[in-house]
Each structure stands twice: as structure tokens, then as C-alpha cells.
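Trainee: I should like to work through this structure with you, element by element. May we begin once it is displayed?

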Amino acid sequence: RHSESTSLTVFYATMIVFRILLLLGLFVSIEANSVRGRDLQVSRCSTNIARFSGLGASGSCFGDMNRGQTYTYPNDFGMVLNQVEIYVCPTSQKRIIVSNGIPDHDVMAINRNGPCELPWMVTLPLSPMLSSSDQPAEPSPLGIVAISLNGVPVFGAQESNGENAAEEDDATQGVPFSGHAGSAGVWHYHSGEFGRVGSVDEHTSDVHLGYAMDGFPIYGPVSDDGTLDECNGVMSAEGYRYHVRTLSQVDSTSPYCTGDSTVVNWKYVVGCFKGDLSQSAVADSTTETLPGDCVLESGMTTDDPTSSPVSDPTAAPTEDETDDTINCSGFIRCLVETVIRIILELIGLA
């Protein structure tokens with residue numbers, strides 16, 4: 001009779017676990033659909049989008065960060081330090097930026113993701129040309145649109161859920177001037193500060209910040225943005241150039257784009273690409289070779305930066321996870337194991 005009672009207890013315990021697993025399966029399905037739904041919210045204005053290949057972390061990583069904490073460069077970065085070289089190639093008519101993507105300034109963490117070393121090799125035309133197309137190219141809402149002089153990429157104005165990455169509101173914290181990284185450790189900027197300390201409003205129009213992906217230079221904001229074209233560009237004595245916009249110069253209440261126009265409204269860095277993009281590319285610097293005519297741009301040095309290491313760098317992640325979310329598979333497995341252990345303890349089998 002005791003054996004029969006134990007069997008019934010085990011049966012009911014098994015049924016409880018089965019029901020829990022069904023509920024967890026439903027939870028995973030709902031969460032997956034929710035993630036897919038958020039991805040679909042990313043706005044794309046047209047089919048003429050300038051896309052470039054992405055890179056995966058291949059070197060050392062800073063490690064996890066504490067949300068809200070400020071990390072000082074280089075003291076808090078240990079051995080994971082910025083490296084960037086800008087090459088001018090007069091014969092092949094290329095400007096090539098090679099970097100590890102690590103910021104060279106203090107950063108404020110808005111999530112747990114620290115920067116990882118990536119083998120960036122951004123090739124741009126040395127003498128960029130305006131596109132012959134009547135329609136400018138649309139910048140990527142999520143991917144690279146420019147490269148800073150410190151070798152850190154600048155991404156589009158959206159986050160992966162379609163929210164404005166530059167503005168702070170109830171839906172998004174807003175990415176600070178120092179940038180941030182996703183779970184793969186790709187550090188990047190979204191707005192016009194390009195990692196420079198202080199508000200973009202404090203920068204002047206003659207400050208060279210970086211290069212757009214069509215090769216034209218990007219400078220600080222102008223006081224009268226009415227002088228800029230729809231792409232944030234203007235013709236100067238040296239040729240065409242872009243100017244970033246301040247937060248107050250962008251109407252964040254407007255939709256990301258209007259209709260099927262290739263010009264985006266959240267034009268913090270570029271509103272579109274005026275230049276020819278056919279010679280621009282992103283590649284892995286560990287597998288690509290520099291053309292033989294390339295020389296370091298004046299003022300650049302090949303010396304690696306040094307500092308006193310304060311901690312060992314962590315290995316680059318091998319899998320990408322959604323930012324600021326629980327690892328569902330690990331969470332569910334741990335929960336099921338805990339439930340089973342509790343049930344077994346209740347019936348005296350553990």
C-alpha cells in the first residue's frame with residue numbers, strides 16, 4: 001500500500017512538472033513572437049539602403065559593465081585599448097581606416113555590454129564624388145553610416161526595437177556621447193558627438209569628426225542648419241562635406257522617414273548619402289591586405305597605446321544575445337530543475 005501511495009505521488013508530481021513545461025513552452029513562444037515583432041518595428045524608408053557587412057568580435061573584451069557607472073580611459077580599460085591607423089593611398093585612390101573599434105575616451109555604461117576588439121577595415125574613396133543618381137542613398141537604420149577619426153563606427157539613428165537611439169524618452173534611455181555596445185561587444189555611436197566629451201552643441205562647425213561611408217568628411221554642427229541640404233551636407237571651399245546636427249536641430253517627434261523617400265528625418269549624422277558608394281567597403285583587417293601605395297596619414301603613429309593594466313581582458317563572445325534580456329534557455333532549464341528538485345524533496349525521493 002505504501003508503494004502504491006508513492007507511485008501515485010510520483011504520478012501527480014510528474015503531471016505537475018509536465019504542466020509547468022507546457023506553460024514554459026508557451027512563455028518561450030510568446031517571447032519569441034514578441035522579439036520578432038520588435039524587429040519588425042525597425043523603420044526602413046526605401047529599397048535603396050546603403051548596407052555594409054558587419055564584423056564579429058575576434059579579440060579581447062572589456063568584460064561586463066555596471067549600468068550607470070563611468071569608466072575612465074585608459075585606466076579602467078586594462079589591456080583593451082584603442083588602436084587606429086588611417087591610411088592614404090594616392091595611387092589606388094583610397095582612404096583606409098584600420099582599427100580595433102575600442103573607444104579612446106571615458107564611457108558611461110547604459111547596459112552590461114563592454115566593448116570588444118573588432119578587426120575594422122573601412123575603405124573609402126580618397127577623392128569622393130557626388131552620386132550621379134537623382135535619388136540619394138538611404139543610410140542604414142541600424143548598421144554603419146560613418147566612421148569616427150578614433151576608429152569607432154557610427155550607426156544609424158535607430159535601436160533594434162525601432163526606437164530613437166539618440167533621444168531620451170520613456171521608451172529609451174538614449175545613448176550618451178560615449179556610445180554603447182550590443183551583446184556582441186560592437187562599440188558604436190548614434191549621434192553627433194562621436195565620442196567627444198560634452199554636448200554636441202558645444203562643438204564647432206570646423207571640428208573634423210570622421211568620414212561618412214561615401215568618403216565625404218563629417219564636421220561639427222553649424223549654428224544655422226537651414227544652410228544644410230537634406231543629407232546634412234553643404235558645399236564648402238574644400239568641397240562637399242557633412243555637418244552633424246544637434247538634438248535641437250532634429251525633430252524627434254517626426255517619424256523616422258516619410259513615405260518612400262530615401263531621406264530620413266532623424267538625421268543626427270547624415271540624412272542620406274550624396275556621394276557615390278560604389279568604392280566603399282567594410283572588411284576584416286586580419287584577412288585583407290593594404291594596397292602597396294598606402295601610407296599613414298600625416299600625424300598618425302603606429303605605436304600602440306600603453307597603460308597600466310588593472311584587470312585581465314575577457315575573451316570575445318562567441319554567441320550573440322539580445323541586449324538586456326534573460327538567457328531564456330538557461331533560465332527555463334534552471335527553473336525546471338529547481339521545480340523537480342522541490343517536488344522530489346516533498347515526496348522524499350531527493
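Trainee: How many residues lie between β13 and β14 in their hairpin, and which residue in the turn has a positive phi?

Mentor: This is a predicted model, in which local features need pLDDT of at least 70, side-chain atom pairs count only at pLDDT 80 or more, and totals for chains, interfaces and linings use all residues. Residues are numbered from 1 along each chain as its sequence is written, and side-chain values use heavy atoms, with hydrogens and water left out. Strands here are DSSP runs of E with at least two residues, helices are runs of H or I with at least four, and both are numbered from the N terminus. The hairpin of β13 and β14 has 4 residues between its strands, and the turn residue with a positive phi, about 100 degrees, is G215.

Trainee: Which residue in β14 is the bridge partner of H208?

Mentor: Two strands pair if DSSP finds at least two bridges between them. β13 and β14 run antiparallel and are joined by 3 bridges. Within this pairing, H208 has as its partner in β14 the residue Y219.

Trainee: Which residue in β13 stands opposite S148?

Mentor: β13 also pairs with β9 (residues 144-148), in the antiparallel sense and over 3 bridges. Strand β13 (residues 208-212) is mostly covered, with 4 of its 5 residues buried (under 20% relative accessible area, 1.4 Å probe, protein chains only; exposed is over 50%, and partly exposed lies in between). The residue of β13 opposite S148 is G210.

Trainee: Which strands stand at the edges of the open sheet?

Mentor: The sheet has 5 strands in the order β17-β7-β5-β4-β18, with antiparallel pairing. Two of these strands have a single partner strand each, so one side of each is left without a neighbour in the sheet; they are β17 (281-284) and β18 (295-296).

Trainee: What is the bridge partner of K94 in β7?

Mentor: Strand β5 (residues 94-99) runs antiparallel to strand β7 (residues 120-125), and 6 bridges join them. In β7, K94 is partnered by P125.

Trainee: Is Q93 buried or partly exposed?

Mentor: Q93 belongs to the loop between β4 and β5. Its phi is positive, about 55 degrees, although Q93 is not a glycine. With a relative accessible area of 37%, Q93 is partly exposed.

Trainee: Which backbone oxygen does the side chain of N232 reach?

Mentor: N232 is placed in the loop between β14 (217-219) and β15 (233-236), and its phi is near 85 degrees, a positive value in a residue other than glycine. N232 is buried, because its relative accessible area is 0%. Leaving aside residues up to four places away in sequence, N232 touches (heavy atoms within 4.5 Å) several residues, among them R245, Y268 and G271. At 2.7 Å, its side chain reaches the backbone oxygen of K267.

Trainee: With which side chain does that of E167 make a polar contact?

Mentor: E167 lies in the loop between β10 (153-155) and β11 (180-181). It is buried yet has no salt bridge (a side-chain nitrogen of Lys or Arg within 4 Å of a carboxyl oxygen of Asp or Glu), and the nearest side chain of opposite charge, R245, is 11 Å away (Lys and Arg count as positive, Asp and Glu as negative; His and the chain ends are not counted). A polar contact is a pair of N or O atoms within 3.5 Å; within protein, one must be able to donate a hydrogen and the other to accept it, and residues adjacent in sequence count only if both atoms are side-chain atoms. The contact of E167, at 2.9 Å, is with the side chain of Y268.
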